[in-house]
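I opened my notebook today to look up a few spots in a protein chain, one at a time. Come along and check each entry against the picture.

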Amino acid sequence: MSQFRSEEMCLVQLFIQSEAAHATLQELGKVGSIQFKDLNTEKSAFQRLFVQDVRRCDDMSRILRVIQGMCQQEKMKPRDTGGEDTAMPLHELHDKLIELEKEMKDHTGSMSQLIRQKIELEEHRHVLREGAQWFQQAYSRGVSFTAPQSDEGTEMSGVLEEGGAGGQPRPGSVLGHIAGCIPTANIHDMSQTLFRATRGNMLLKHEEITAPIMDPTKPDEAVQKSVFVIFFSGDRSRVKIDKICDSYAATKYRLPEQVPQQDEIVKQVDDRLKDLTMVLDKTRDYRRGKLEEIVNKVDAWMLHVQREKAVFHTLNQFNYDVTHKCLIAEGWCPTADMDSVRDALRQGTIRSGATVQTVLNVVKTRETPPTFFRNAKFAQGTQSIVDAYGMARYQEFNPAVFSCITFPFLFGVMFGDVGHGIMMALVGLLLVLYEKKLAYLAQDEMFGTLYKGRYNILAMGIFATYSGFIYNELFAVPMEIFGSTAWCSGEMVDDSHCMHTKGYDPATSLQKWVRTNMDDAWDPDMGSTGKEVTWEVYPFGNDPGWAHTANKLNSVNSFKMKFAIVAGVVQMVAGVCCKLMNTLYFKDDLTMYFVYIPEMIFINSIFGYLVILILLKWTTNWDTTYILNNEQVVTIPQRYCKDDLSNLPCWTPPYWYNRATVPGYGAQLAALPEHMWCMGNGAATAGCAVMKHNDQLLVEGNVFVTGNIILEEFTGKKCKEMGSAHCSLWKQSPPSLLDSLIKMFMEIGSVPVENQMIPGQGGLQVFLILIAFASVPVLLFPKPYILKARHEAMQHHQLHDDDDHGAGGGGGGGHGGHGEFDFGEEMVHQMIHTIEYVLGCISNTASYLRLWALSLAHAQLSEVFWEKTVVEIGLESASPLMLFVTVTAWSCFTFGVLMGMESLSAFLHALRLHWVEFMNKFYHGDGYKFMPFSFDAKDED
């Protein structure tokens with residue numbers, strides 16, 4: 001039963017021989033049942049016994065991460081586990097990895113240098129090609145290139161005038177040049193800087209290289225570059241331009257002026273590129289071959305190193321007994337796993353070859369154990385939601401037991417729609433069916449959240465679908481899955497159950513009416529058949545006949561609002577009952593009698609009573625309830641009277657306007673006072689109720705026609721003394737529950753007869769108010785004072801014990817082994833709890849109205865998206881293209897708004913209802929989680 005309460009824990013102490021410690025920890029890691037305590041808290045991490053081993057594991061993890069990065073860079077994936085290498089001793093693996101790292105580092109450095117040289121040669125080739133064209137253009141204009149003289153001369157201005165007089169350059173111009181490659185993004189800034197530094201005495205030619213090339217300084221990054229040549233005059237300009245080129249990350253290359261020299265260098269560059277390409281290919285093949293030898297082993301090595309690090313980290317928490325040369329460990333272990341732990345200890349001793357078996361002792365302690373729930377896979381998501389609020393106290397009742405059902409149910413109430421629920425259920429079902437194949441994607445934070453909550457998504461989709469059937473909505477479109485509507489209209493005159501008796505033409509009616517068996521209960525020729533009139537009810541969910549009616553929202557809101565109150569009060573009462581489970585388990589009689597009982601009385605005397613009224617209002621047939629003489633509520637069955645009135649109480653014939661012409665007893669009806677008739681011209685009904693009271697025949701009156709029948713002159717006493725003229729019988733309408741709840745406190749003990757639902761309701765409400773107010777001081781005062789009395793009695797008893805043993809001088813200091821007691825603090829705490837509970841019952845009940853609000857918003861949004869896009873635009877346009885466009889837009893709205901934002905909103909509101917309204921009634925959440933030493937948990941991390 002660990003789902004209801006956490007596993008029973010025991011504190012164990014282990015005495016492990018030093019040579020068996022490593023093997024024993026490995027076996028315990030496979031079992032994963034002990035959470036070890038740190039017995040070396042006074043020591044720093046550098047003072048621990050196995051700190052060097054932990055550092056060695058860290059170093060190996062670093063090397064393996066580098067190798068994994070290389071494998072990913074080469075797009076190499078392991079094909080097998082390579083498990084045969086995991087048994088390699090740790091020091092041998094460390095030496096092998098150190099050697100491998102050195103080799104790969106040297107190889108990578110050489111390869112990087114070769115790549116850099118290749119990139120530089122490729123850039124040089126681009127410079128030679130583009131530069132040759134620019135030099136050819138310069139030679140065609142008569143420009144000569146020699147080494148600049150010390151005097152820079154003034155002919156530069158003539159050189160730069162490419163047009164000159166008649167577009168020809170001046171003869172005899174002498175220029176120097178600098179060529180190279182530069183990132184295209186820097187070319188504009190460098191041009192402006194050059195212009196300012198040389199005062200315009202330079203000429204910059206540049207051409208962008210078509211394909212991006214690697215940067216020699218960063219061989220892994222492709223950069224868009226441009227070839228440039230700067231023509232200038234003078235050595236000073238050369239110095240300036242060199243510095244400017246370096247500052248803009250330009251690489252300079254040799255560019256001869258003469259064509260033969262250019263061709264010679266191009267040939268040299270091409271030859272070197274061929275050689276470098278060949279060397280690089282062989283180098284890559286060697287590197288790839290070396291990585292292929294180990295790629296299938298890297299993951300296994302990493303797992304082995306991580307486990308070894310976990311073992312040494314755990315060993316650092318143990319005490320070392322120098323005398324006995326053994327390690328001493330303490331930890332928490334579930335009692336149910338003690339046999340598995342003993343087997344692991346035995347296997348560890350056998351593996352290590354130790355001569356002394358590990359000793360396990362169970363230690364008695366008053367420390368609070370950790371909390372551990374052994375949940376099924378289905379409940380793990382809900383358990384995570386509960387744990388996010390706070391870890392349960394040891395052996396405290398687990399809210400996840402109820403929340404596994406109530407959480408998706410409340411979500412479904414707010415997200416109720418058959419279409420949306422099926423879509424969500426399908427997503428959850430796919431995640432569940434393919435959970436093993438999708439497990440590797442759970443490392444992504446976004447998808448991992450969905451993956452871990454896959455069972456919650458499936459349950460939420462199922463409950464949303466169920467609520468959708470209750471609301472009878474499929475993407476906001478009403479359905480008739482369980483039969484046609486129970487409501488009739490003027491277009492349904494061919495339906496026999498929609499036909500009315502003579503005197504009423506349904507084809508002219510603008511309102512809908514409920515199907516009935518009235519024709520079977522009353523025969524126009526034979527009279528009453530003795531059958532009761534029954535009104536048809538839609539078999540399951542909301543009747544689709546309410547769709548597109550003016551009062552649809554009134555009907556739906558009434559149901560959803562009341563259901564939200566019922567669901568909220570039931571869940572809050574369940575939360576208080578969970579407190580009872582805790583008090584019974586911990587044998588806390590004080591909390592049970594002076595906390596649980598007054599809390600239960602308070603919430604049920606007000607809000608439980610409200611739920612009863614709601615259920616009574618739902619289950620009462622208001623067509624058969626009547627007010628007699630403005631004093632009492634009577635029930636008259638829905639059957640028609642026989643001609644001799646032998647089956648009283650009963651109803652008069654339907655739609656019979658003139659009571660004097662009623663067959664058989666019309667004369668008796670005509671003799672009654674005028675107010676005793678419920679029908680008239682334009683006020684037809686299915687019949688007027690008839691009954692005998694004090695040997696007087698009474699007939700139902702209509703308060704809308706003769707409103708005076710509800711006056712004080714129509715009372716039972718006057719009816720008996722003065723006759724039928726002072727008697728009244730009129731139909732009771734369903735009372736307003738909000739009005740009834742308000743008057744319960746504003747008009748104590750007074751319940752108007754038209755609002756009465758329970759006999760003696762006024763006295764019952766007085767009793768409920770009294771016990772509700774009386775429960776508040778019971779909740780507030782007794783517990784602190786009883787705790788104070790117990791503490792004083794314990795101190796008095798301890799003082800006498802100390803006197804008897806001659807040691808009364810101050811042992812305990814008033815603690816008594818149970819800690820110090822502060823009456824003021826306890827009183828304040830209980831006062832806060834009382835105020836929070838009393839006010840919380842009111843605010844929490846109102847908070848559950850979010851079920852109604854979110855459900856209404858979801859239904860209205862879904863209806864608006866469907867009506868405003870598909871119906872009003874797509875279907876009315878009669879265009880297939882427009883219909884396709886509107887359906888596409890509607891699908892986007894459905895997925896983006898309803899399935900995305902609305903589902904998240906409903907999830908958060910359901911989360912709040914459980915965290916605040918439900919769990920605060922009983923849940924402390926101040927425990928700490930059981931985190932055992934387990935290889936499985938380490939592997940998942």
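Below are my entries, grouped by the place I was looking at.

**Before starting.** I reminded myself that this is a predicted model.

**Entry one: threonine 314 and alanine 310.** I began with helix H7, which runs over residues 259-315 and holds threonine 314. Alanine 310 has its place in helix H7 too. Are these residues buried or exposed? For threonine 314 I found a relative accessible area of 6%, so this residue is buried, the cut-off being under 20%. Alanine 310 has 8%, and I noted it as buried as well.

Next I looked at how the two meet. A polar atom of the threonine 314 side chain lies 2.8 Å from the backbone oxygen of alanine 310. I then asked which residues threonine 314 touches when those up to four places away in sequence are not counted. I wrote down Leu25, Phe36 and Phe933.

Alanine 310 gave me a nice pair of numbers. Phenylalanine 935 is 625 residues from alanine 310 in sequence, yet their C-alpha atoms are 8.2 Å apart in space.

**Entry two: serine 33.** I found serine 33 in the loop between helix H1 (21-31) and strand S2 (35-36). Its relative accessible area is 4%, so I put serine 33 down as buried. What does its side chain meet? I found a polar contact of 3.2 Å with the side chain of aspartate 337. Leaving aside neighbours within four places in sequence, I listed contacts of serine 33 that include Leu28, Trp332, Val341, Phe930 and Phe933. Phe933 had already turned up in my notes, as a residue that threonine 314 touches.

**Entry three: a sheet.** I moved on to an open sheet of three strands, in the order S21-S22-S23, with antiparallel pairing. Why does one side of S21 (650-651) and of S23 (696-699) have no neighbour in the sheet? Each stands at an edge with a single partner strand, so one side of each is left free of a neighbour there. I followed S22 (residues 689-693) along S23 and noted four bridges in the antiparallel sense. At one of these places, valine 690 has valine 699 in S23 as its bridge partner.

**Entry four: the surface.** Last, I looked at a nonpolar patch on the surface, formed by Ile422, Leu426, Leu429, Leu430, Leu433 and Tyr434. Together they have about 560 Å² of accessible area. I picked leucine 430 from this patch and placed it in helix H11 (residues 418-433). Its relative accessibility is 49%, so I noted leucine 430 as partly exposed, since exposed would need over 50%.

Terms used. Residues are numbered from 1 along each chain as its sequence is written. This is a predicted model: local features need pLDDT of at least 70, side-chain atom pairs count only at pLDDT 80 or more; totals for chains, interfaces and linings use all residues. Side-chain values use heavy atoms; hydrogens and water are left out. Patches are made of residues with over 30% relative accessible area and no salt bridge: like charges are joined within 9 Å, nonpolar side chains (Val, Leu, Ile, Met, Phe, Trp, Tyr) within 5 Å. Accessible areas come from the Shrake-Rupley method with a 1.4 Å probe; for residues, only the protein chains shown count as cover. A salt bridge is a side-chain nitrogen of Lys or Arg within 4 Å of a carboxyl oxygen of Asp or Glu. Buried means under 20% relative accessible area, exposed over 50%, partly exposed in between (1.4 Å probe, protein chains only). A polar contact is a pair of N or O atoms within 3.5 Å; within protein, one must be able to donate a hydrogen and the other to accept it, and residues adjacent in sequence count only if both atoms are side-chain atoms. Contact means heavy atoms within 4.5 Å. Two strands pair if DSSP finds at least two bridges between them.
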